[in-house]
Amino acid sequence: MQAINAGDTAFVLICTALVCMMTPALALFYGGLVKQRDVLSIMIQNFVCIGIVSIIWVFGGFSLAFGPSIGGIIGDIRPYFGMYHVGISPNDTYAPHIPFMMVFAYQMMFAIITPALMTGAFVGRFKFGAYLFFVALWTILVYLPAAHWIWGGGFLSKMGVVDFAGGIVIHTSAGFSALAAARFLGKRKVAVGDPESQPASLPLVALGAGLLWFGWFGFNAGGAYAADALAAYAFTNTMLAGAIAMLVWMLWEWREHKRVSFSGVLVGAVTGLATITPAAGYVEPMAALLIGAIGATVCYNAKYVQEWLKIDDTLEVWRAHGVGGMTGAILIGFMASSHINAVSASVKQLGVQVLAVVIVAAYSWIITTILLKVLAGFGHLRVADDVQEEGVDEAMVGERAFNLFNMKNDINK
């Protein structure tokens, strides 16, 4: 057994905490973008993923993703069920210098944020009870198989597919599933002339985006499972891709509208971060700049595809995450450097990356659609139109996000 390295363990502990923070940060990001009367409904959808997915991860989820492969399709549920054999001893297959328990914890944070990403696509339309079942079943049927195929020794990893921190496993699966869910649930019912149709709070969006960017360093650099040169590359590449993507998105906005928007600046940075995620540990920093720029360009112009599809993806989850993760995963085939990691750009690498993206995107779309149809058989999934018009916060949680200007009662006292 390899000895535990204190520095590497401390590094992964910090990265795990950073990735954990990203789910509440996502709640702030999405919460600020929706209208005032829907803020709490989307934030609670994000937060409950922490509870649901954590329990699934303990009781079979981790084993299904990272257990011994059964035909390259799924992991054996028995070895790590209930955290059996998940202790402080390192596992040479995944991380030889840190406690295996930290691999379990770090990967759990990835599993938690993935279904949370989808919530921005169907704001105000998904009944909360049905949503809880959807998250649990989607995690089991979509996320765990995809994670096993690429990270757990499944058939795609045997073909040579790589995905450093989740461009395919996380962003592609969540992005295409989000689009499928938005299509299934239908368009929003919005009252004509609604004065509260604008984003609830752009400062809240900025706070969420800033915390997401901060957490993304743990998201990407932690994939090295060590405080080493590979982590340094992934960390630096993350920063550069987000920075250039922000500027490129601004240029596209200026070209189209002769002005830039604050929300566009923030979304542009996120697209760069999503695009570099699969490639962060495989490319040089200068390539990361190019990947960020390409990612912002592709994601910005993906709005024309979304308009053609006529699917009401409220916060454009597919455009930012699905397209971004897909683009970054494919660009590995063009820009990977063996000087960084054991992967080189080649026609073969490009081919397997494209194949993996197509398989995971198609699988996510199909299984999500089937899952929603099955759930719909037990009752309506969609929130009533009148509740959508009035805002779902009162109906769902009986609370309001903002009461700062509700001074009428104070004046009458």
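This is a short talk on aromatic pairs, buried residues and a few backbone points in one predicted model.

Some ground rules before the residues. The model is predicted, so local features are taken at pLDDT of at least 70 and side-chain atom pairs only at pLDDT 80 or more, while totals for chains, interfaces and linings use all residues. Numbering runs from 1 along each chain as its sequence is written, and side-chain values use heavy atoms, with hydrogens and water left out.

Confidence comes next. pLDDT is the predictor's confidence in each residue, on a scale from 0 to 100. The chain average is 92, and 95% of the residues score at least 70. Residues 407-413 stay under 50, and the model gives them 0 contacts beyond four places in sequence; a contact here means heavy atoms within 4.5 Å. Where pLDDT is low, the predicted coordinates should not be read in detail.

Now the core. A nonpolar core is a set of buried Ala, Val, Leu, Ile, Met, Phe, Trp, Tyr and Cys residues joined through side-chain atoms within 4.5 Å. Buried means under 20% relative accessible area, exposed means over 50%, and partly exposed is in between, using a 1.4 Å probe and protein chains only. The largest such core has 129 residues, and Trp57 and Tyr143 have the most contacts inside it. Helix H3 supplies the largest share of this core, 15 residues. Helices (H or I, at least four residues) and strands (E, at least two) are DSSP runs numbered from the N terminus.

Trp57 is a good place to stay for a moment. Beyond four places in sequence, Trp57 touches Phe62, Ala65, Phe66, Phe104, Gln107, Met108, Ala111, Tyr143 and Leu144. Several of these are aromatic, which brings me to ring pairs. Rings of Phe, Tyr and Trp (its six-membered ring) pair if their centres lie within 6.5 Å; planes under 30 degrees apart count as stacked, over 60 as edge-to-face, and the rest as tilted. The structure holds 28 aromatic pairs. In one of them, the Trp57 and Phe66 ring centres are 6.3 Å apart with planes at 80 degrees, so the pair is edge-to-face. Trp57 and Phe66 are buried. Phe62 and Tyr80 make a tilted pair, with 5.4 Å between centres and 45 degrees between planes. Phe62 is in helix H2 (residues 39-66) and Tyr80 is in the loop between strand S2 (74-75) and helix H3 (100-118), so this pair ties together parts 18 residues apart in sequence. Phe62 and Tyr80 are both buried. Ring pairs join Trp57, Phe62, Phe66, Tyr80, Tyr94, Phe100 and Phe104 into a cluster.

Next, His321. It lies in helix H11 (residues 317-335), and at a relative accessible area of 5% His321 is buried. What does the His321 side chain make a polar contact with? The partner is the side chain of His171, at 3.1 Å. A polar contact is a pair of N or O atoms within 3.5 Å; within protein, one must be able to donate a hydrogen and the other to accept it, and residues adjacent in sequence count only if both atoms are side-chain atoms. Leaving out neighbours within four places, the contacts of His321 include Tyr30, Leu117, Thr172 and Trp216.

Two residues of helix H7 (residues 202-221) follow. Asn220 is in that helix and is buried at 0% relative accessibility. Its contacts beyond four places in sequence include Phe164, Thr238, Ile276 and Ala280. Leu212 also lies in H7 and is buried at 4%. Beyond four places, Leu212 touches Met22, Ala25, Leu26 and Phe29. Its C-alpha is 8.6 Å from that of Val19, although the two are 193 residues apart in sequence.

Leu33 is in helix H1 (residues 6-33) and counts as buried at 17% relative accessibility. Outside its neighbours within four places, Leu33 contacts Pro199, Ala200, Val205 and Leu315.

Last, the backbone. Most residues other than glycine have a negative phi, and most peptide bonds are trans. Lys258 has a positive phi of about 60 degrees. Lys258 is in the loop between helix H8 (229-257) and helix H9 (262-276), and is exposed at 60% relative accessible area. Glu316 also has a positive phi, near 55 degrees. Glu316 is in the loop between helix H10 (285-309) and H11, and at 29% it is partly exposed.
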